[in-house]
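Dear colleague,

Please find the structure below for your records. A summary of the findings comes after it.

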2 protein chains.
Amino acid sequence: MSAHFAQNNEIITASRTGGDLAVDIADSRSISAMFEKTGMIDAIICIAGEAKWADFNELSEDDFYIGLKSKLMGQVNLVRIGRTYLNTKGSITLSTGILADDPVVKTTSAAMVNGAIHSFVQAVVLEIENDIRVNVVSLGLVEDSYERYKDYFPGFNPIPMNKAVNAYVRSVQGKNNGEIIRMYH
Amino acid sequence: MSAHFAQNNEIITASRTGGDLAVDIADSRSISAMFEKTGMIDAIICIAGEAKWADFNELSEDDFYIGLKSKLMGQVNLVRIGRTYLNTKGSITLSTGILADDPVVKTTSAAMVNGAIHSFVQAVVLEIENDIRVNVVSLGLVEDSYERYKDYFPGFNPIPMNKAVNAYVRSVQGKNNGEIIRMYH
(Lines give C-alpha, C1' and ligand atoms only; values in the text may rest on other atoms or scores of the structure.)
Protein backbone atom coordinates (compact mmCIF):
# COMPACT_ATOMS: atom_id res chain seq x y z
CA MET A 1 0.00 0.00 0.00
CA SER A 2 2.88 2.38 0.75
CA ALA A 3 4.03 1.64 -2.80
CA HIS A 4 0.69 2.78 -4.18
CA PHE A 5 0.56 6.05 -2.28
CA ALA A 6 4.28 6.71 -2.84
CA GLN A 7 3.57 7.18 -6.55
CA ASN A 8 2.16 10.64 -5.92
CA ASN A 9 2.93 11.48 -2.32
CA GLU A 10 5.73 11.72 0.16
CA ILE A 11 5.29 8.81 2.57
CA ILE A 12 6.47 8.46 6.16
CA THR A 13 6.05 4.97 7.57
CA ALA A 14 6.03 4.17 11.28
CA SER A 15 5.73 0.95 13.25
CA ARG A 16 7.00 -0.75 16.37
CA THR A 17 9.74 -2.64 14.58
CA GLY A 18 10.48 -0.96 11.27
CA GLY A 19 9.56 1.98 9.10
CA ASP A 20 10.96 5.50 9.01
CA LEU A 21 9.81 6.22 12.55
CA ALA A 22 9.25 4.05 15.61
CA VAL A 23 5.85 4.14 17.28
CA ASP A 24 3.87 2.00 19.67
CA ILE A 25 0.25 3.10 19.31
CA ALA A 26 -0.63 1.53 22.66
CA ASP A 27 1.35 4.38 24.26
CA SER A 28 -0.04 7.87 23.66
CA ARG A 29 3.33 9.47 24.48
CA SER A 30 4.86 7.44 21.68
CA ILE A 31 2.16 8.73 19.31
CA SER A 32 2.92 12.32 20.32
CA ALA A 33 6.64 11.76 19.85
CA MET A 34 6.00 10.39 16.35
CA PHE A 35 3.97 13.40 15.27
CA GLU A 36 6.59 15.74 16.71
CA LYS A 37 8.93 14.17 14.15
CA THR A 38 6.54 14.15 11.18
CA GLY A 39 5.39 17.73 11.63
CA MET A 40 2.29 18.80 9.67
CA ILE A 41 0.96 16.20 7.24
CA ASP A 42 -2.03 15.65 4.94
CA ALA A 43 -3.15 12.14 5.77
CA ILE A 44 -2.81 9.51 8.46
CA ILE A 45 -3.42 5.85 7.72
CA CYS A 46 -3.35 3.41 10.63
CA ILE A 47 -3.06 -0.31 10.03
CA ALA A 48 -1.89 -1.22 13.49
CA GLY A 49 -3.11 -2.45 16.81
CA GLU A 50 -3.49 -5.82 18.42
CA ALA A 51 -6.15 -7.70 20.34
CA LYS A 52 -5.92 -11.11 21.96
CA TRP A 53 -7.56 -14.02 20.18
CA ALA A 54 -8.64 -16.80 22.52
CA ASP A 55 -11.69 -18.77 23.58
CA PHE A 56 -14.10 -16.60 25.52
CA ASN A 57 -13.82 -18.96 28.50
CA GLU A 58 -10.10 -18.32 28.62
CA LEU A 59 -9.99 -14.56 28.13
CA SER A 60 -9.26 -12.78 31.40
CA GLU A 61 -10.27 -9.22 32.14
CA ASP A 62 -6.66 -8.19 31.50
CA ASP A 63 -6.68 -9.98 28.15
CA PHE A 64 -9.55 -7.77 27.01
CA TYR A 65 -7.54 -4.71 27.98
CA ILE A 66 -4.79 -5.67 25.49
CA GLY A 67 -7.19 -4.86 22.66
CA LEU A 68 -8.70 -1.86 24.42
CA LYS A 69 -5.29 -0.26 24.98
CA SER A 70 -3.76 -1.14 21.62
CA LYS A 71 -6.20 -1.45 18.73
CA LEU A 72 -9.00 0.64 20.27
CA MET A 73 -7.43 3.45 22.31
CA GLY A 74 -4.35 3.38 20.08
CA GLN A 75 -6.51 4.40 17.14
CA VAL A 76 -8.62 6.82 19.20
CA ASN A 77 -5.42 8.47 20.44
CA LEU A 78 -4.11 8.63 16.91
CA VAL A 79 -7.17 10.75 16.08
CA ARG A 80 -7.02 12.77 19.33
CA ILE A 81 -3.37 13.62 18.89
CA GLY A 82 -2.96 13.35 15.14
CA ARG A 83 -5.70 15.85 14.27
CA THR A 84 -3.51 18.69 15.52
CA TYR A 85 -0.78 17.68 13.07
CA LEU A 86 -3.08 17.51 10.06
CA ASN A 87 -3.39 20.24 7.49
CA THR A 88 -6.87 21.58 6.74
CA LYS A 89 -8.88 19.04 4.72
CA GLY A 90 -6.56 16.30 5.87
CA SER A 91 -7.79 12.77 6.45
CA ILE A 92 -7.44 9.98 8.96
CA THR A 93 -8.07 6.37 8.00
CA LEU A 94 -8.37 3.73 10.71
CA SER A 95 -8.55 -0.04 10.28
CA THR A 96 -10.84 -2.66 11.75
CA GLY A 97 -12.13 -5.81 10.06
CA ILE A 98 -15.05 -8.03 9.24
CA LEU A 99 -15.21 -9.38 12.82
CA ALA A 100 -17.08 -6.24 13.83
CA ASP A 101 -20.05 -7.42 11.78
CA ASP A 102 -19.41 -11.12 11.30
CA PRO A 103 -17.31 -12.57 14.10
CA VAL A 104 -15.83 -16.04 14.40
CA VAL A 105 -14.86 -18.18 17.37
CA LYS A 106 -12.11 -16.77 19.63
CA THR A 107 -12.81 -13.17 18.63
CA THR A 108 -14.94 -11.70 21.40
CA SER A 109 -12.16 -9.24 22.18
CA ALA A 110 -11.17 -8.48 18.60
CA ALA A 111 -14.77 -8.11 17.41
CA MET A 112 -15.58 -5.76 20.26
CA VAL A 113 -12.66 -3.48 19.50
CA ASN A 114 -13.59 -3.32 15.83
CA GLY A 115 -17.21 -2.50 16.58
CA ALA A 116 -16.09 0.23 18.97
CA ILE A 117 -14.04 1.91 16.25
CA HIS A 118 -16.95 1.80 13.80
CA SER A 119 -19.17 3.75 16.17
CA PHE A 120 -16.34 6.06 17.21
CA VAL A 121 -15.70 7.12 13.62
CA GLN A 122 -19.36 7.93 13.05
CA ALA A 123 -19.34 10.05 16.21
CA VAL A 124 -16.04 11.87 15.83
CA VAL A 125 -16.85 13.32 12.41
CA LEU A 126 -19.69 15.28 14.01
CA GLU A 127 -17.10 17.28 15.91
CA ILE A 128 -13.68 17.18 14.31
CA GLU A 129 -12.57 20.57 12.99
CA ASN A 130 -10.59 21.99 10.06
CA ASP A 131 -12.53 19.93 7.51
CA ILE A 132 -10.63 16.84 8.55
CA ARG A 133 -12.24 13.63 7.34
CA VAL A 134 -12.15 10.37 9.31
CA ASN A 135 -13.02 6.95 7.88
CA VAL A 136 -12.39 3.35 8.81
CA VAL A 137 -11.55 0.52 6.45
CA SER A 138 -13.02 -2.81 7.47
CA LEU A 139 -11.62 -5.66 5.40
CA GLY A 140 -12.41 -9.33 5.25
CA LEU A 141 -9.61 -11.87 5.32
CA VAL A 142 -7.05 -10.47 2.89
CA GLU A 143 -5.39 -12.72 0.36
CA ASP A 144 -1.91 -12.31 1.87
CA SER A 145 -3.12 -13.63 5.24
CA TYR A 146 -5.50 -16.22 3.85
CA GLU A 147 -3.35 -19.33 4.23
CA ARG A 148 -2.34 -18.41 7.75
CA TYR A 149 -5.80 -17.62 9.07
CA LYS A 150 -8.28 -19.49 6.86
CA ASP A 151 -9.00 -22.16 9.48
CA TYR A 152 -10.41 -19.48 11.75
CA PHE A 153 -12.65 -18.20 8.94
CA PRO A 154 -14.51 -21.15 7.45
CA GLY A 155 -16.15 -20.22 4.18
CA PHE A 156 -14.87 -16.66 4.14
CA ASN A 157 -13.65 -15.43 0.78
CA PRO A 158 -10.14 -14.00 0.50
CA ILE A 159 -10.03 -10.30 -0.43
CA PRO A 160 -7.64 -9.58 -3.32
CA MET A 161 -4.90 -7.17 -2.28
CA ASN A 162 -5.85 -4.63 -4.94
CA LYS A 163 -9.35 -4.40 -3.48
CA ALA A 164 -7.84 -3.96 -0.03
CA VAL A 165 -5.61 -1.14 -1.25
CA ASN A 166 -8.54 0.47 -3.06
CA ALA A 167 -10.51 0.71 0.18
CA TYR A 168 -7.74 2.88 1.62
CA VAL A 169 -7.46 4.88 -1.61
CA ARG A 170 -11.18 5.61 -1.42
CA SER A 171 -10.78 6.90 2.13
CA VAL A 172 -7.73 9.06 1.46
CA GLN A 173 -8.46 10.36 -2.02
CA GLY A 174 -12.28 10.32 -2.00
CA LYS A 175 -14.54 12.72 -0.19
CA ASN A 176 -15.98 10.04 2.11
CA ASN A 177 -16.35 11.13 5.70
CA GLY A 178 -17.43 9.18 8.76
CA GLU A 179 -17.75 6.07 6.64
CA ILE A 180 -17.15 2.46 7.46
CA ILE A 181 -15.65 1.31 4.19
CA ARG A 182 -16.47 -2.39 4.17
CA MET A 183 -14.70 -4.73 1.76
CA TYR A 184 -15.85 -8.21 2.71
CA HIS A 185 -16.10 -10.12 -0.58
CA MET B 1 -39.43 -2.91 34.13
CA SER B 2 -38.88 -4.78 37.40
CA ALA B 3 -42.63 -4.43 37.90
CA HIS B 4 -43.31 -6.15 34.59
CA PHE B 5 -41.04 -9.11 35.20
CA ALA B 6 -42.11 -9.39 38.85
CA GLN B 7 -45.58 -10.44 37.70
CA ASN B 8 -44.32 -13.92 36.89
CA ASN B 9 -40.80 -14.16 38.28
CA GLU B 10 -38.80 -13.70 41.40
CA ILE B 11 -36.71 -10.56 40.91
CA ILE B 12 -33.43 -9.57 42.54
CA THR B 13 -32.41 -5.99 41.84
CA ALA B 14 -28.87 -4.68 42.23
CA SER B 15 -27.27 -1.29 41.78
CA ARG B 16 -24.64 0.98 43.25
CA THR B 17 -27.06 2.92 45.40
CA GLY B 18 -30.21 0.88 45.89
CA GLY B 19 -31.84 -2.41 45.05
CA ASP B 20 -31.73 -5.71 46.92
CA LEU B 21 -27.97 -6.06 46.42
CA ALA B 22 -25.15 -3.58 46.00
CA VAL B 23 -22.96 -3.85 42.92
CA ASP B 24 -20.54 -1.64 41.02
CA ILE B 25 -20.20 -3.19 37.58
CA ALA B 26 -16.95 -1.29 36.99
CA ASP B 27 -15.36 -3.65 39.55
CA SER B 28 -15.32 -7.32 38.60
CA ARG B 29 -14.85 -8.38 42.25
CA SER B 30 -18.08 -6.57 43.06
CA ILE B 31 -19.82 -8.50 40.27
CA SER B 32 -18.52 -11.81 41.64
CA ALA B 33 -19.65 -10.87 45.14
CA MET B 34 -23.14 -10.07 43.84
CA PHE B 35 -23.51 -13.43 42.12
CA GLU B 36 -22.25 -15.23 45.22
CA LYS B 37 -25.31 -13.76 46.90
CA THR B 38 -27.84 -14.44 44.14
CA GLY B 39 -26.78 -18.05 43.58
CA MET B 40 -28.07 -19.74 40.42
CA ILE B 41 -30.54 -17.68 38.40
CA ASP B 42 -32.38 -17.82 35.07
CA ALA B 43 -31.81 -14.40 33.57
CA ILE B 44 -29.55 -11.41 33.93
CA ILE B 45 -30.63 -7.97 32.72
CA CYS B 46 -28.09 -5.17 32.85
CA ILE B 47 -29.18 -1.55 32.52
CA ALA B 48 -26.08 -0.02 34.03
CA GLY B 49 -22.77 1.49 33.11
CA GLU B 50 -21.53 4.99 32.52
CA ALA B 51 -19.44 6.78 29.93
CA LYS B 52 -18.30 10.37 29.90
CA TRP B 53 -20.15 12.79 27.65
CA ALA B 54 -18.01 15.72 26.53
CA ASP B 55 -16.72 17.45 23.43
CA PHE B 56 -14.18 15.29 21.64
CA ASN B 57 -11.59 18.07 22.01
CA GLU B 58 -11.99 17.91 25.77
CA LEU B 59 -12.03 14.15 26.33
CA SER B 60 -8.72 12.96 27.77
CA GLU B 61 -7.42 9.45 27.39
CA ASP B 62 -8.49 8.78 31.00
CA ASP B 63 -11.98 10.06 30.23
CA PHE B 64 -12.37 7.39 27.56
CA TYR B 65 -11.38 4.75 30.10
CA ILE B 66 -14.37 5.68 32.29
CA GLY B 67 -16.66 4.20 29.66
CA LEU B 68 -14.33 1.32 28.86
CA LYS B 69 -14.13 0.24 32.51
CA SER B 70 -17.79 0.80 33.40
CA LYS B 71 -20.27 0.43 30.54
CA LEU B 72 -18.06 -1.76 28.33
CA MET B 73 -15.98 -4.06 30.54
CA GLY B 74 -18.66 -3.91 33.24
CA GLN B 75 -21.06 -5.59 30.83
CA VAL B 76 -18.41 -7.94 29.42
CA ASN B 77 -17.51 -8.99 32.96
CA LEU B 78 -21.17 -9.50 33.74
CA VAL B 79 -21.24 -12.07 30.93
CA ARG B 80 -17.84 -13.58 31.84
CA ILE B 81 -18.74 -14.03 35.47
CA GLY B 82 -22.52 -14.24 35.29
CA ARG B 83 -22.64 -17.15 32.83
CA THR B 84 -21.41 -19.51 35.57
CA TYR B 85 -24.38 -18.53 37.74
CA LEU B 86 -26.97 -19.06 35.04
CA ASN B 87 -29.10 -22.15 34.73
CA THR B 88 -29.11 -23.99 31.40
CA LYS B 89 -31.07 -22.02 28.78
CA GLY B 90 -30.65 -18.88 30.84
CA SER B 91 -30.32 -15.48 29.23
CA ILE B 92 -28.26 -12.34 29.53
CA THR B 93 -29.54 -9.02 28.27
CA LEU B 94 -27.16 -6.07 28.00
CA SER B 95 -27.98 -2.45 27.22
CA THR B 96 -26.50 0.06 24.81
CA GLY B 97 -28.32 2.76 22.86
CA ILE B 98 -28.93 4.48 19.57
CA LEU B 99 -25.57 6.29 19.75
CA ALA B 100 -23.89 3.11 18.50
CA ASP B 101 -25.57 3.62 15.13
CA ASP B 102 -26.59 7.26 15.16
CA PRO B 103 -24.36 9.33 17.44
CA VAL B 104 -24.73 12.97 18.42
CA VAL B 105 -22.23 15.62 19.51
CA LYS B 106 -20.28 14.87 22.72
CA THR B 107 -20.72 11.11 22.40
CA THR B 108 -17.49 9.79 20.91
CA SER B 109 -16.86 7.82 24.09
CA ALA B 110 -20.45 6.70 24.66
CA ALA B 111 -20.98 5.72 21.02
CA MET B 112 -17.76 3.72 20.97
CA VAL B 113 -18.71 1.73 24.04
CA ASN B 114 -22.15 0.95 22.63
CA GLY B 115 -20.72 -0.20 19.30
CA ALA B 116 -18.24 -2.40 21.13
CA ILE B 117 -21.03 -4.19 22.98
CA HIS B 118 -22.97 -4.79 19.77
CA SER B 119 -20.05 -6.63 18.21
CA PHE B 120 -19.22 -8.41 21.46
CA VAL B 121 -22.71 -9.88 21.72
CA GLN B 122 -22.57 -11.20 18.17
CA ALA B 123 -19.22 -12.84 18.94
CA VAL B 124 -19.92 -14.27 22.37
CA VAL B 125 -22.95 -16.28 21.30
CA LEU B 126 -20.69 -18.31 19.01
CA GLU B 127 -19.01 -19.70 22.11
CA ILE B 128 -21.13 -19.42 25.22
CA GLU B 129 -22.19 -22.80 26.60
CA ASN B 130 -25.22 -24.37 28.30
CA ASP B 131 -27.65 -22.93 25.74
CA ILE B 132 -27.31 -19.54 27.31
CA ARG B 133 -28.64 -16.74 25.12
CA VAL B 134 -27.11 -13.25 25.02
CA ASN B 135 -28.77 -10.20 23.48
CA VAL B 136 -28.40 -6.46 23.74
CA VAL B 137 -31.21 -3.91 23.80
CA SER B 138 -30.37 -0.67 22.04
CA LEU B 139 -32.96 2.01 22.72
CA GLY B 140 -33.40 5.50 21.40
CA LEU B 141 -34.10 8.33 23.81
CA VAL B 142 -36.72 6.93 26.17
CA GLU B 143 -39.75 8.98 27.12
CA ASP B 144 -38.79 9.21 30.79
CA SER B 145 -35.44 10.83 29.90
CA TYR B 146 -36.74 12.90 27.00
CA GLU B 147 -37.08 16.28 28.73
CA ARG B 148 -33.68 15.98 30.35
CA TYR B 149 -31.72 14.96 27.24
CA LYS B 150 -33.73 16.18 24.24
CA ASP B 151 -31.39 19.11 23.55
CA TYR B 152 -28.59 16.63 22.87
CA PHE B 153 -30.83 14.70 20.45
CA PRO B 154 -32.36 17.18 18.01
CA GLY B 155 -35.19 15.58 16.07
CA PHE B 156 -34.98 12.24 17.81
CA ASN B 157 -38.34 10.73 18.71
CA PRO B 158 -39.00 9.69 22.30
CA ILE B 159 -39.48 5.95 22.80
CA PRO B 160 -42.61 5.11 24.83
CA MET B 161 -41.73 3.22 27.97
CA ASN B 162 -43.89 0.24 27.03
CA LYS B 163 -41.87 -0.20 23.84
CA ALA B 164 -38.66 0.03 25.88
CA VAL B 165 -39.87 -2.64 28.28
CA ASN B 166 -40.99 -4.82 25.39
CA ALA B 167 -37.47 -4.85 23.96
CA TYR B 168 -36.25 -6.45 27.18
CA VAL B 169 -39.21 -8.84 27.28
CA ARG B 170 -38.35 -9.97 23.78
CA SER B 171 -34.79 -10.69 24.84
CA VAL B 172 -35.67 -12.54 28.04
CA GLN B 173 -38.80 -14.40 27.00
CA GLY B 174 -38.16 -14.81 23.26
CA LYS B 175 -35.74 -17.19 21.65
CA ASN B 176 -33.58 -14.41 20.19
CA ASN B 177 -29.87 -15.02 20.51
CA GLY B 178 -26.94 -12.80 19.59
CA GLU B 179 -29.34 -10.09 18.55
CA ILE B 180 -29.08 -6.35 18.74
CA ILE B 181 -32.67 -5.49 19.56
CA ARG B 182 -33.00 -1.97 18.25
CA MET B 183 -35.93 0.22 19.29
CA TYR B 184 -35.23 3.64 17.84
CA HIS B 185 -38.66 5.01 16.83
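The notes below cover the fold of chain A and then the nonpolar cores.

This is a predicted model, in which local features need pLDDT of at least 70 and side-chain atom pairs count only at pLDDT 80 or more, while totals for chains, interfaces and linings use all residues. Residues are numbered from 1 along each chain as its sequence is written, chains are lettered from A and ligands numbered from 1 in the order in which they are written, and side-chain values use heavy atoms, with hydrogens and water left out.

Chain A contains six helices and six strands (DSSP runs, helices being H or I of at least four residues and strands E of at least two, numbered from the N terminus). Their order along the sequence is α-β-β-α-β-α-β-α-β-α-α-β.

The C-alpha atoms of chain A occupy a box of roughly 45 × 35 × 35 Å along the principal axes. Of its 185 residues, 51% are buried (under 20% relative accessible area, with a 1.4 Å probe and protein chains only; exposed is over 50% and partly exposed lies in between). Among contacts (heavy atoms within 4.5 Å) between residues at least 6 apart in sequence in chain A, 68% join residues at least 24 apart.

The largest nonpolar core (buried Ala, Val, Leu, Ile, Met, Phe, Trp, Tyr and Cys residues joined through side-chain atoms within 4.5 Å) has 74 residues, and A:Phe120 and B:Phe120 have the most contacts inside it. Leaving aside residues up to four places away in sequence, B:Phe120 touches A:Phe56, A:Phe64, A:Thr108, A:Met112, B:Val76, B:Val79 and B:Leu94. A second, separate core of 13 residues includes B:Ile159 and B:Met183.

Yours faithfully
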